[in-house]
Structure formats: structure tokens, C-alpha cells
Amino acid sequence: MVRACAVCGLPIPEGARFCPNCGAAAGPLVETEERKMVTVLFADLVDSTGLAQRLDAERSRELLGRFFDAASDELTALRGRPEKFIGDAVMAVFGLPHVHEDDALRAVRAGLAIRERVGRLSDELRLDRPLQVRIGIETGEAAVGRSPTGQLLVTGPVVNAAARLQAAAQVDQVLVGATTQLLTATNVAYGRRRRVRAKGFDVNLEAFPVEEITARSARRTIPFVGRASEQAILGQSLGLASTTGRPVLVTIMGEAGIGKSRLADELAAGVSAAVLILRGQSRSQTDTATFSPAAAIIADLAGIGPRDGPDAIRARLHELVGRTADAGAAARTEQRLALLFGLGESRDETAFVHEVQAGFISVVEGLARDHAVLVMFEDAQSLKAPMLDLIERVATRGQSPRRALVVALARNELLEQRPAWGSSTSNSVLIRLDALSRDESVQLARHAGGGRIGELEALEIAERAGGNPYFIIETTGMLMPSGIGADGQGSRTVPPTVQAVVSARLDAMPVRLRELARRASVFRYGFDMIELAVVDPEATADELQQLEEAEVIVRDPRPGEAQQWRLRHATLKEVVYASLPKRERMRLHELVAVFLLKSGHPSVAADHLELGAFAALDLDPNDRTLAERAADALLVAGDRARRRMESRSAIDRYQRALALAGPEARWGVREARVLAGMGEAHYWLAEYPPATLALNRAVELGEAHQDAFALALALRFLGDIAINFEADVDKAERLLSRSLLAAEQLGDSWAIVRSLLFAGWVPWTRERFEEAEAIWRRALDVVDPKDHWARVRALTALSINRSEMDDFAGALQLIDEASSLAEETGDRFSVANTSVQKGRVLDDLGRAEEALPWFDRGVEVFSELGARWEMADARAARGIAKRNVGRLDEAEEDLRFAIRIAEDLGDRQLPAWTWRNLAKVAELRGDKVAAEELLQRSKDAESRGPH
């Protein structure tokens with residue numbers, strides 16, 4: 001049947017859309033081909049009219065063109081279809097030509113991406129005001145048809161709803177409707193629900209502002225099972241800290257995968273918005289492996305990014321300290337925090353540990369003075385002693401209120417390493433997470449299966465996983481893509497271990513994603529796009545998104561920084577890394593190490609070179625090229641940690657350097673220096689047997705290879721051990737003379753001064769005070785003006801010597817000079833040292849009451865620093881002053897404490913004169929029997945002392 005034109009009445013050819021005679025439409029311009037569930041997005045440029053008035057017409061058109069291009073790029077990258085460009089707005093549809101189950105989520109991601117891209121566009125176009133957008137998104141059923149040009153078009157209420165949501169959005173806000181929110185709730189964090197009056201709708205529209213993409217893994221979207229009592233303890237602990245102003249330390253302990261992180265996450269998710277949450281996670285960009293968690297917290301608070309330069313870091317630290325510290329301490333706190341980022345250092349790094357701890361505590365104290373703060377640290381069992389000390393100190397009550405709940409997550413090894421963990425804090429709680437019960441495990445498996453795991457299979461999963469939540473979820477996750485029915489029946493074997501589960505999941509991934517995951521596993525902590533490009537230049541944001549959706553990686557949000565990712569779990573990381581061929585491991589670790597060295601992170605670079613060396617040696621034990629580079633790098637990292645008094649970190653790196661050094665028969669100068677540094681690190685930890693062993697071996701190698709550096713260092717500490725712990729002054733004299741000779745051959749004033757400072761104690765012990773004076777005067781004459789540490793030590797030694805020569809006025813003058821310099825440099829160890837000596841001089845002058853505050857200060861600082869011998873010496877001196885003012889009970893307490901610590905450490909100098917002064921306390925009480933007994937102990941100790 002021939003159709004006639006409704007306008008002119010002439011026939012219209014078959015298939016024609018328009019009349020060939022008059023041009024009228026032959027029928028409806030758009031016919032509905034089908035109805036689909038789609039997601040519609042509207043993005044509108046804010047104040048485009050104002051922009052048009054301020055800009056030239058051509059410039060305004062160029063700006064709109066750039067906006068449309070940017071929006072189109074972000075939309076198409078996420079499979080969205082730009083539908084219309086209307087004035088200054090963009091309409092797009094997700095679900096054309098094919099619907100995907102994640103269309104709504106992709107639309108939300110696109111909205112956030114457009115907002116971020118438009119923000120950058122302001123800088124690119126050098127506009128004087130930022131460009132901003134309003135974005136509305138809704139999902140619903142729409143009629144889909146084609147225009148006369150063949151373009152797919154959508155119509156329906158969902159289009160109108162998205163447009164109304166866009167109009168109701170606040171500036172730079174992404175506002176979604178109820179259906180979109182429902183479809184994305186497990187992956188997107190939303191703000192408070194709003195109700196929007198919308199033209200053309202009988203009822204108000206529900207609207208939800210987007211806050212962030214959470215990319216939560218199954219562990220966050222599956223109901224929390226079996227930990228109600230533990231959650232209650234955490235809640236009560238936070239309440240106690242908040243209401244009393246006294247910090248609480250909660251340690252959550254258990255095996256890998258037992259649910260420690262999930263428990264902490266649930267706590268963080270449930271606290272009030274007024275509670276500040278600080279997360280201490282190790283990162284590669286910080287300047288210290290020991291304090292990486294603390295540096296990460298400071299970086300987050302200050303908004304410091306991984307590639308910020310020194311000026312930007314200082315500016316952000318200045319702003320942070322201005323918000324948290326008292327005006328009088330702000331400058332010093334800023335200097336201390338700068339050390340975490342490699343700023344403000346000098347060759348004298350001995351105060352590094354003490355300075356960093358003091359700076360971090362100052363910030364936390366400022367934040368927690370008026371409001372509750374939640375501070376969380378992961379994998380505490382892997383942290384070094386100074387960082388663990390800092391965690392305990394943060395949880396110790398200070399002079400002002402500190403409303404902080406400190407949560408440390410750890411495996412059971414922590415208590416093996418530190419049996420007294422938490423004992424120094426007044427409020428300490430230990431939560432041990434045991435395996436889930438059988439019923440709880442089955443319940444978790446059913447939840448993880450989302451209704452697609454049957455009862456028998458859930459039971460099998462629960463039994464094989466041993467009650468470990470992570471293993472249960474991983475096993476269930478492997479089974480989910482298998483296409484089983486709702487009854488959960490099917491012939492599959494549940495792997496008996498999580499390693500098999502993770503390996504199976506990895507093998508099921510597309511080849512390209514599997515390869516990208518393997519390359520990402522070489523990073524020790526996390527990575528951003530720039531870092532990932534080092535190991536995989538072809539990696540894209542879409543591929544990372546796919547790895548997120550596969551629950552292989554998770555986002556690691558850090559305010560003010562480029563987006564970071566990390567592998568979701570340590571066990572997952574280990575299994576993925578193990579699947580990487582060793583030759584590829586070697587190549588990738590070398591690439592990362594070179595990148596880290598160029599960006600100023602030598603210690604973490606050493607770690608990567610070491611891992612690369614392990615792979616290289618496995619492939620060819622005779623090829624030591626990479627092993628030599630790694631050993632060199634570990635020596636540099638160890639020396640850096642040793643100078644900063646990060647003794648445990650130093651020992652760890654030195655031991656790893658020796659492990660890569662090959663057979664001892666081939667050891668040379670490098671190994672001599674490694675052993676000398678290791679010996680010094682053991683010495684500062686009062687571990688004298690291993691110190692002596694390492695130092696003696698360093699001397700052997702130093703002499704064999706004529707290395708003056710290793711000899712000067714090793715002989716110096718062997719001399720001090722000989723005089724104080726072996727009580728052999730003659731041996732000490734020989735060793736220190738050789739140390740001084742090696743230092744002079746080296747021609748290094750720093751080494752010469754330190755050997756002189758140690759050498760002066762030989763004649764002093766023999767009561768040859770004039771000889772000691774000459775040695776320490778020489779040290780003072782040759783000290784580098786920048787070597788403040790050595791100058792303070794020389795002045796303090798001279799003051800002690802003057803006291804023994806009964807020149808108390810001269811002693812007071814010298815210690816005043818030393819004390820002023822110590823205060824100026826801010827070295828707390830030196831401040832404590834000079835405070836104790838000043839107290840001694842004042843006590844010698846008969847001004848005991850005036851001396852006591854100086855002793856108190858020294859004792860307090862040494863206690864905070866964990867300097868046990870120095871604290872024993874300070875308390876012994878304070879005990880004598882208290883005896884002189886008649887406070888006999890307090891005097892006895894101090895003196896007995898000093899004896900106990902000295903004997904624990906194996907010291908042979910301190911006990912003799914401390915017993916003698918304790919005998920005088922007994923004598924003042926009129927107890928002659930006790931006095932004689934104590935005096936005899938003094939004589940016995942003296943017989944074992946230096947001679």
C-alpha cells in the first residue's frame with residue numbers, strides 16, 4: 001500500500017523518512033525501538049553567563065569547547081555516551097547501546113572525573129577564577145529510539161529527573177537520585193539525603209550528594225560477624241579517652257586475616273564526625289623507615305604530597321604547627337617534623353629519634369586537647385623499637401588533656417618481641433581475636449556468597465578456612481564467578497589453603513590484568529600512577545578500576561595527594577608476588593630502585609635492590625653485580641639510621657648487607673665499615689656482647705685492608721666498653737690510642753674529636769685530671785663549628801673534670817656554656833646531660849635545693865628517651881642531693897634504682913660510689929649496721945671496677 005503525504009497528498013516512496021515533494025516528515029521523527037534501564041548524567045558549567053560577560057566572545061567559545069572536550073573524554077573513557085551539548089551543559093547516557101550492570105557506578109565515577117578535570121582546566125586556561133560544575137545523575141527506564149540522522153536518543157522521566165537533580169546540586173557537587181544511590185551504595189559513600197522540589201513531578205525527588213568512591217572490598221560490604229564484644233570494648237575505650245582526657249592504648253592482636261583491620265575499620269566508620277581519624281601506614285615516600293607511619297600521619301594532616309618540594313613541605317608544616325602547637329614551641333616543633341621529610345638535617349643526626357618523637361607528640365597533643373582523636377597503626381609487630389616507643393608515649397598521659405584512642409594492630413609476635421608492651425601506659429587494653437566459631441564461619445560464608453553458596457558448601461568452606469574470616473571470604477570469592485545456581489550445588493573442589501585460593505583467582509583473570517597485578521606487587525607499600533608507570537608504562541586508570549572491581553587492589557585515599565592504590569591484603573600480595581618470574585622481579589626492582597634514588601629515598605631504594613639481588617642470585621649465584629649494589633646501598637642506609645640513633649633499623653640493614661656480601665673470605669673495606677657501624681648500634685642499645693663481637697671483627701678487617709675509618713670507629717667503642725664494662729683501663733688506653741691514630745690518619749675532625757672525647761676518660765678514671773683536661777681542651781680546639789653535639793660533650797666533660805679538681809666556679813661556667821648550646825640546638829639528650837651536670841655542680845656548691853629541679857629535668861628527659869644508663873646516673877646524683885637536704889627516703893629510692901639499672905646493664909663504675917652514698921643515708925638514719933653492710937658492698941663493687 002502506497003503512503004500519501006499528510007501535507008501535499010503526493011505519494012511517498014517506501015522507506016522514505018521525508019516527502020520528496022514538500023519535505024514534510026513521512027512519520028514520527030523518533031520512533032521508540034525499545035525500553036531500557038539507563039543512567040542519565042547532566043553536567044552544567046557554573047556561572048557561564050558571568051564568564052561570557054568577563055571574557056571575549058572567541059575566548060568564551062574556546063572555553064566552552066574545552067569544557068565539552070574534557071567532559072566527553074571522561075564520559076567515553078567510562079563507556080558513557082555524550083548525548084547533547086545544550087548551551088553550557090552536557091547530557092550523557094550510560095547503557096547505550098548495551099546495558100551493563102555497573103552503568104550507574106560508571107556514571108558516578110564519570111561525574112567525579114568531570115569535576116576534577118574541570119578544576120584542572122582553570123589552571124590550564126589561566127583563568128582568574130576557578131571553573132566549577134553542577135552534576136545530576138539518575139537511573140531509570142527510558143524509551144530509546146533513533147533520530148532521522150540515525151542517532152540513538154532517550155526520553156522519559158529519568159531524563160527530566162537527572163536534569164532537575166543537576167539544577168538542585170550545589171556548586172561542584174555530584175547529586176544522584178534514589179535509584180542510582182541504591183545501585184551504587186556498596187561502592188560509593190553518600191552524604192545526608194535531601195529532598196528536591198522538581199518541576200513536572202508530583203512528589204519531591206530524593207537526592208544524595210556523592211562524597212567519594214569507597215571501592216570497598218567484600219570485607220567491607222559483607223556483614224561483620226562474631227565481634228560484638230570487641231566492638232563494645234573499642235567504643236568504651238574511645239569514650240573513656242574522650243571524657244577523661246587520658247589516652248587509651250588498645251592493641252588488637254591475632255593471626256593474619258583474622259579480622260584486625262576490619263575491626264578497626266568498623267570502629268572508624270562508626271565514630272562521630274567530630275572524631276579525627278589518623279592512620280599510620282608505612283609509605284615509601286617518607287624519609288625514615290623507622291618512623292614511616294608517623295610521617296604518613298603528619299603528611300596527611302599537613303597535605304604533603306609525595307612529590308612536593310622542600311619549600312612546599314615547609315609551608316604546609318608551618319600551617320599545621322600553627323593549628324596545633326603553642327606559639328612558643330611552634331618553631332621547634334616545625335623543625336622536628338621537617339626531619340621526617342629529609343629537611344633541616346646536619347651531619348650530627350644523633351638527636352633524630354628524640355626530636356621526631358617530641359615533634360609528633362606535640363602535634364597529637366594539640367589535636368587531642370579539646371577533641372577526641374583516633375590514631376591507628378597497622379602491623380605493629382613489624383615496626384622498629386623507636387616507633388613502638390612513640391606509640392606507647394602517645395598513649396601515655398601528658399601534662400595537658402590528651403583525648404586520644406591509640407589502636408595498634410599486631411600479630412602475636414609483638415609480645416614475643418616486647419613482653420612488656422603497653423605496661424608504661426596507665427590505660428592499656430589487649431584484645432585477642434580468636435578464630436570464628438563453626439556457626440559464625442558458616443554464616444560468614446553464606447553472606448560472602450550473596451545467596452549463591454549452598455549450606456553444604458558453606459560448611460565445607462568454614463571447615464577448611466579454620467575460622468579465619470579472610471580465608472573464608474577469599475575462598476567464597478573464588479567460587480562466585482563459576483556460575484553456580486542458587487542452590488550452591490556443583491562439582492567443585494574448595495582449595496585447602498588460601499594460597500591456592502588466591503592463585504586460582506589470579507589465574508582466572510584476563511592475562512593483561514594478571515600481568516599488571518604482578519608488576520604492582522613489587523611495591524613495598526602502595527603506588528600511584530606515576531610510580532606504576534615505572535614498572536608498567538602502559539597501565540591505565542581503567543585497568544586499575546578493573547583490578548579494584550576484582551578485589552585485587554584497593555584505593556588508599558590520602559588528602560591532597562595523587563590517588564594511591566595498594567594490594568588488598570598482605571597474603572594476597574605475597575601470593576601475587578610469588579607468581580612473578582624471578583628475572584622479571586630483578587628487572588622491576590632495579591627500575592623502582594633507580595626511580596626512588598632519583599626522588600630522594602635511598603633507604604627504600606636499598607630494599608628494592610636487595611629484593612632484586614635475591615632473585616638474581618637464585619638465577620645465577622655467580623653473578624654478584626646486583627648483590628654488590630644492594631650491599632653498598634644497605635651500608636649507606638644503615639649508616640644513615642645509625643647516625644640518627646635508629647639503632648634497630650641500623651642493625652637490621654647492616655645484617656642484610658652482610659648477608660649479601662658473600663663468603664667471609666672475600667670481605668673487605670665495606671664489610672669492615674658495616675661491622676663497625678653494627679657494633680656502635682649494639683653499643684647504644686647496651687647490647688655489649690654482640691657489640692664487642694662485631695667491633696673486633698671490624699678491627700680485623702680494617703687492619704687487613706688498612707681502612708682508617710672502620711678502625712677509628714670500632715676501636716673507639718671497644719675502648720669505652722673496656723673502661724666501663726670490662727673495667728680494664730689499660731686495655732681501654734691502648735684501644736683509644738689506636739682509635740685516635742686512625743682518626744688522625746683519616747684526617748676527619750669529626751672522628752678525631754670523638755676519639756678524644758672517649759680517650760679523656762682514661763686519665764680521668766685514674767684521677768689524672770690535668771691529663772684529662774688537656775685531652776678535652778684539645779677536642780674543644782679542633783671541633784668543627786657545626787659539630788654542636790661534640791662541643792656540648794667536650795664542655796660537659798671539662799665541667800665534670802673541674803668539679804673533681806674542686807674548681808666549682810669554673811665547672812659552673814663551663815656547664816652553663818654547654819647548657820646554653822644544648823638548648824640552642826634542641827638536642828634533648830644533650831639538654832638532659834647538661835642539666836644533670838649543672839645539678840651536680842650546684843650540689844657541690846652547697847645549693848642542693850636549687851640543684852633538684854635540674855636533676856628532675858634530666859631524669860624526666862632520659863626516662864622519655866629510654867636512656868637507661870644515663871637515667872641511672874642522673875637518679876644516683878639526685879639521690880645524693882636529696883640526702884643532703886634530709887629527704888632520706890626519696891634519696892634511698894633514687895640510689896637503689898640507680899644500682900639496679902647499673903647492675904642489669906653490667907656497668908662497673910656506677911655501683912661502687914652509689915653503694916657508698918647509700919651507706920651514708922643509712923648512717924644519717926643512725927643505722928650503723930646497715931651502713932657497714934652497704935659500705936662493704938661498695939668496696940666489693942670497687943674491686944670489680946675499672947683499674
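Student: Which helices stand on either side of the loop that holds D806?

Tutor: D806 is found in the loop between α34, residues 788-804, and α35, residues 808-825. Please keep in mind throughout that we are reading a predicted model.

Student: What is the value of phi at D806, and how should I read its sign?

Tutor: The general idea is that most residues other than glycine have a negative phi. In this structure, phi of D806 is near 65°, which is a positive value in a residue other than glycine. A second case is Q706, with a phi near 55° that is again positive in a residue other than glycine, and Q706 is found in the loop between α28 and α29.

Student: Are these two residues buried or exposed?

Tutor: A residue is called exposed when its relative accessible area is over 50%. D806 has 57% relative accessibility, so D806 counts as exposed; Q706, at 74% relative accessibility, therefore counts as exposed too.

Student: What do I look at when I study a single helix, and how far does α39 reach?

Tutor: A useful habit is to take length, covering and partners in turn. Helix α39 covers residues 888-905, which makes 18 residues, and from its first C-alpha to its last it reaches 26 Å, close to the 26 Å expected at 1.5 Å a residue. Among the buried residues of α39 are L888, A891, L895, F897, I899 and L905, but E892 and D894 are buried as well. The buried residues of this helix pack against α28 (688-704), α38 (868-884) and α40 (910-924). Just after α39 comes G906, where phi takes a positive value of about 80°.

Student: How do I read a pair of strands, and in which direction do β4 and β5 run?

Tutor: With strands, one asks how they are joined and what covers their two faces. Strand β4, residues 81-86, is joined to β5 by five bridges, and the two run antiparallel; within the pair, K84 stands opposite M91 in β5. Together β4 and β5 form a hairpin with two residues between them, and G87 in the turn has a positive phi of about 65°.

Student: Which residues of β5 lie on each face?

Tutor: A89, M91 and V93 lie on one side, while V90, A92 and F94 lie on the other, and all of them are buried, which leaves both faces of the strand covered. In other words, six of the six residues in β5, residues 89-94, are buried.

Student: What is a nonpolar core, and how many residues does the largest one hold here?

Tutor: In soluble globular proteins, nonpolar side chains tend to be buried together. The largest nonpolar core here has 155 residues, and V522, F527, L532, L544, L547, L757 and F862 touch the most other members. Helix α29, residues 708-724, supplies the largest share of this core, namely 12 residues. If you set aside residues up to four places away in sequence, L544 touches L516, F527, M529, L532, I553 and W565. There is also a second, separate core of 50 residues, whose members include L278, A330, L340 and A380.

Student: Why does E610 count as buried, and which residue meets its side chain in a polar contact?

Tutor: The cut-off for buried is a relative accessible area under 20%, and E610 is buried because its value is 7%. E610 lies in helix α24, residues 602-619, and a polar contact of 2.7 Å joins its side chain to that of R656. Leaving aside neighbours within four places in sequence, E610 is in contact with A630, L634, R656 and L660.

Student: What does S835 touch, apart from its close neighbours in sequence?

Tutor: S835, in helix α36, residues 828-844, has contacts with W854, R857 and G858 once neighbours within four places in sequence are left aside. Its relative accessible area is 1%, so S835 is buried.

Student: How should I then describe the protein as a whole, and how many helices and strands does it have?

Tutor: The protein has 41 helices and 18 strands, and buried residues make up 55% of its 947 residues. Of the contacts with a separation of 6 or more, 66% are between residues 24 or more positions apart. The protein exposes about 41,500 Å², of which carbon and sulfur atoms supply 50%.

Definitions and conventions. Residues are numbered from 1 along each chain as its sequence is written. This is a predicted model: local features need pLDDT of at least 70, side-chain atom pairs count only at pLDDT 80 or more; totals for chains, interfaces and linings use all residues. Side-chain values use heavy atoms; hydrogens and water are left out. Helices (H or I, at least four residues) and strands (E, at least two) are DSSP runs, numbered from the N terminus. Buried means under 20% relative accessible area, exposed over 50%, partly exposed in between (1.4 Å probe, protein chains only). A polar contact is a pair of N or O atoms within 3.5 Å; within protein, one must be able to donate a hydrogen and the other to accept it, and residues adjacent in sequence count only if both atoms are side-chain atoms. Contact means heavy atoms within 4.5 Å. Accessible areas come from the Shrake-Rupley method with a 1.4 Å probe; for residues, only the protein chains shown count as cover. The expected span of a helix is 1.5 Å times one less than its number of residues. A nonpolar core is a set of buried Ala, Val, Leu, Ile, Met, Phe, Trp, Tyr and Cys residues joined through side-chain atoms within 4.5 Å. Two strands pair if DSSP finds at least two bridges between them.
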